[in-house]
Amino acid sequence: MSLHDAPTQLTAGLVAEERHEQSIPVDSAESRPLSHDTIRTTCPSDQCAAASSTKSLSEKSLFSSDIGPLFYPVAPTHFERYLRPFVVPNTFISCTIPRATVEFSSRQLPPEWECFSHPEGASYFRCQHELFTVFTDAHPDRQDIHMFLEERILEIVSYISLEKRHSDLASIAFDPQNVDLVLDVTSNGEGENVCGYYLVYHKTRAVFWLDDFDASGTLWSQENGVESMDHIQHEIQSEYWLHCSYFPAALNLTRDIIQELRDILLHAIGDTLISPTAISQFSNDDLCAMLGLLDVPLRDTLEMRNHGLSRIVYVLLKMFAHERFIHFHGQPAARLDLGVSVYDKHAKRTHSLLFGIVRCLLFNAPYVQLREIQNILMGIDGIVSPRPWKEFMSRLRKDWNEVTIYSTLLVNANVGFLAIQSVDETNQGGNSPVRIPIYISMISALGSVLFSLLLLRHTKRKATVLSSHAVRDLEGTQSFLRGNEQLAVLYSLPYGLMMWSVTDEPTINKSLEDIEEKKVNTASDPFLDDESEDDKWPTQEEIEEDGGDRGREYDNYVRTGTKGSATATNKPSGVKNGTSVKTSTSSTSSTSKPTNASGAAKPSNTSKPSSAKGATPGGRVVSSKA
């Protein structure tokens, strides 16, 4: 995507959201206290859709205008351009172009009407009148529509002529250059055409009506504390710029307008650079891309008729005007920092008991996530700004990716522990107790990986989506726990489960150390590991040859834990390879061993063990006789 395409796609996305959300009815709000569960957005199209959708069929038919029974006032936000019922026949139509055809306009318009193509593709029409300039999306090339429009225009002209003597209308200079009249031809529930209308006054950049208009229930139904006309002016100007973006031919783009937008963008760029809590709804990259659009050569004339550029400029001006309204720009309690409420700057939030329990179980991670979400929602005001929302989602996705890597390593480590043979040797005939913490650690790590992957998939587009989607997501998570606690718990599950997997590792290591210590103690047995000839376990032949001293020596070790003879007698020199060895001294034992003529020790039948202690490696046996 090029530098110049970024803001174009952004504004196109905002308008696309209007198309989808205009069909979602939202109750008109009367005066009601603000709740932290009421979530709004700084994005103008989102706020308009959240405030109210287009008037329902019953509202159109029941509303009684002072102008006539077929009129009802409508704001530019509710202009039904994206809800037209026109369709293209899904059949193949044969067409032959006659020879020498160089003009392809087949629309036969009345002489006073002219057609324009909106940069988005829609067609709109303009008619110059002595009191105003008429704009509409209705096609005056159709005879019935043309007659309907002419009748409605005559009614409005008659009404203005009669009421112009009143002071409120006398202050307005009605002429085609200063005033626009927009007619939105729609259908009521009975199949009859009705006409929504609004008027635009270019001198003051205002939208006005000839009837009393319920602006609070239509334009800012979820914004409390709006009472100053200076404050309301920002939202009216936002509607004015939206009108200009719908009908770029209504206002020529001038140098002054470009300089005005350039100054707004430069300040927003500087504010986001020097302040981490800047309230701008756009990132620095987006703002720089918008500023790049304005680097166009200006002609010597003051007017520019580039409708594509004009529309983008008007949409951006609408966004910043609505942002000023949301943050109470110019009011005593204006919001100056991100995350600060204009209603209660020292508001304290309380948490539910269930959230406190889950917070402890997940190592305080839900509380950290909840604090981030509250900062995005501007304290208790419930306003979602696109820039902090995108930064929050990008940071979350990065954390989940890292947690997935760490949890995968923990799973591999646990599998390696289970492969150790000594883990099963500690409890023959059943599962080792060491396996329990290993299994707990593995299940926690697998759960962390699972939730990370699910959340990464669920939020794949949410790092770049506009704030209206964020509003719907946050609104859908406020039924289980108080406020946005459920969302905070959900986003902290990968980290919490990974920490549970890590906390089981010391238990596993301690159990493995105990196993190794037992193996070391067993290896310290001199009759098992000493490689000297005198310390090896005696065989049956050796016991028979040496008269049973080796057997008695081992039995004494088993009984006392001390290596050595059971008596005070000198140990025989030993028997090797079944051959007796002469001794120069006689035994000091109480019973002397019989000898043969050659002086060799004579085997005695009494030296045989009465019972075998047990078999040993190498065919050795141990006597139980002391």
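**Group meeting: surface, pocket and salt bridges of a predicted model**

Let me begin with Asn364, which is partly exposed, its relative accessible area being 31%. The model under discussion is a predicted one. Asn364 sits in the loop between α11 and α12, and its phi is near 65°, a positive value in a residue other than glycine. A second residue belongs in this part of the talk. Ala100 is not a glycine, yet it has a positive phi of about 65°. Ala100 is located in the loop between β2, residues 71–73, and β3, residues 113–117. With a relative accessibility of 74%, Ala100 counts as exposed, because the threshold for that class is over 50%.

I turn now to the surface. A nonpolar patch is formed there by Leu353, Ile357, Leu361, Phe363, Tyr495 and Trp500, and together these residues have about 590 Å² of accessible area. Two elements, α11 (353–361) and α17 (485–503), give two or more residues to this patch. Which of them supplies the largest share of the nonpolar patch? The answer is α11, with 3 residues. Ile357 has its place in helix α11. The relative accessible area of Ile357 is 45%, so this residue is classed as partly exposed.

The next topic is the second largest pocket. The space in this pocket comes to about 600 Å³. Its lining consists of 24 residues, and those nearest the centre of the pocket are Ile172, Val207, Phe208, Trp209 and Asp211. At least two lining residues come from each of α4 (143–163), α5 (167–170), β8 (206–208) and α7 (229–246). Of the elements, α7 gives the most to the lining of this pocket, namely 4 residues. Sorted by class, the lining holds 15 nonpolar, 4 polar and 5 charged residues.

I come finally to the charged pairs. As a general point, side chains of opposite charge can pair when their charged atoms come close. The count for this model is 13 salt bridges, and I shall present three of them.

In one, the side chains of Arg142 and Asp144 meet at 3.1 Å, N to O. Arg142 is partly exposed at 40% relative accessibility, and Asp144 is likewise classed as partly exposed, at 45%.

In another, Arg262 pairs with Asp295, and the closest N and O atoms are 3.4 Å apart. Why does this pair tie together parts that are 33 residues apart in sequence? It does so because Arg262 lies in helix α8, residues 255–274, whereas Asp295 lies in the loop between α9 (284–293) and β10 (303–304). Asp295 is exposed, with a relative accessible area of 56%.

The remaining pair is Arg395 and Glu372, whose side chains form a salt bridge of 2.8 Å, N to O. This pair links distant parts of the chain, since Arg395 belongs to helix α13 (residues 386–418) and Glu372 to helix α12 (residues 365–376), 23 residues apart. Both ends are partly exposed: Arg395 has a relative accessible area of 37%, and Glu372 stands at 28% relative accessibility. Beyond these pairs, Arg81, Arg84, Asp137 and Asp184 are joined into one network by salt bridges that share partners.

To close, I return to two items for discussion: the nonpolar patch, to which α11 gives the largest share, and the second largest pocket, to whose lining α7 gives the most. Thank you.

How values were computed:
Residues are numbered from 1 along each chain as its sequence is written. This is a predicted model: local features need pLDDT of at least 70, side-chain atom pairs count only at pLDDT 80 or more; totals for chains, interfaces and linings use all residues. Side-chain values use heavy atoms; hydrogens and water are left out. Patches are made of residues with over 30% relative accessible area and no salt bridge: like charges are joined within 9 Å, nonpolar side chains (Val, Leu, Ile, Met, Phe, Trp, Tyr) within 5 Å. Accessible areas come from the Shrake-Rupley method with a 1.4 Å probe; for residues, only the protein chains shown count as cover. A salt bridge is a side-chain nitrogen of Lys or Arg within 4 Å of a carboxyl oxygen of Asp or Glu. Buried means under 20% relative accessible area, exposed over 50%, partly exposed in between (1.4 Å probe, protein chains only). On a 1 Å grid over the protein atoms alone, a cavity is a set of points where a 1.4 Å probe fits but cannot get out, and a pocket is an open set with protein on both sides within 12 Å along at least five of seven lines; lining residues have an atom within 4 Å of a point. Grid points are joined across faces, edges and corners, and a volume is the space filled by probe spheres set on the points. Ala, Val, Leu, Ile, Met, Phe, Trp, Tyr, Cys and Pro count as nonpolar, Asp, Glu, Lys and Arg as charged, and the others, Gly among them, as polar.
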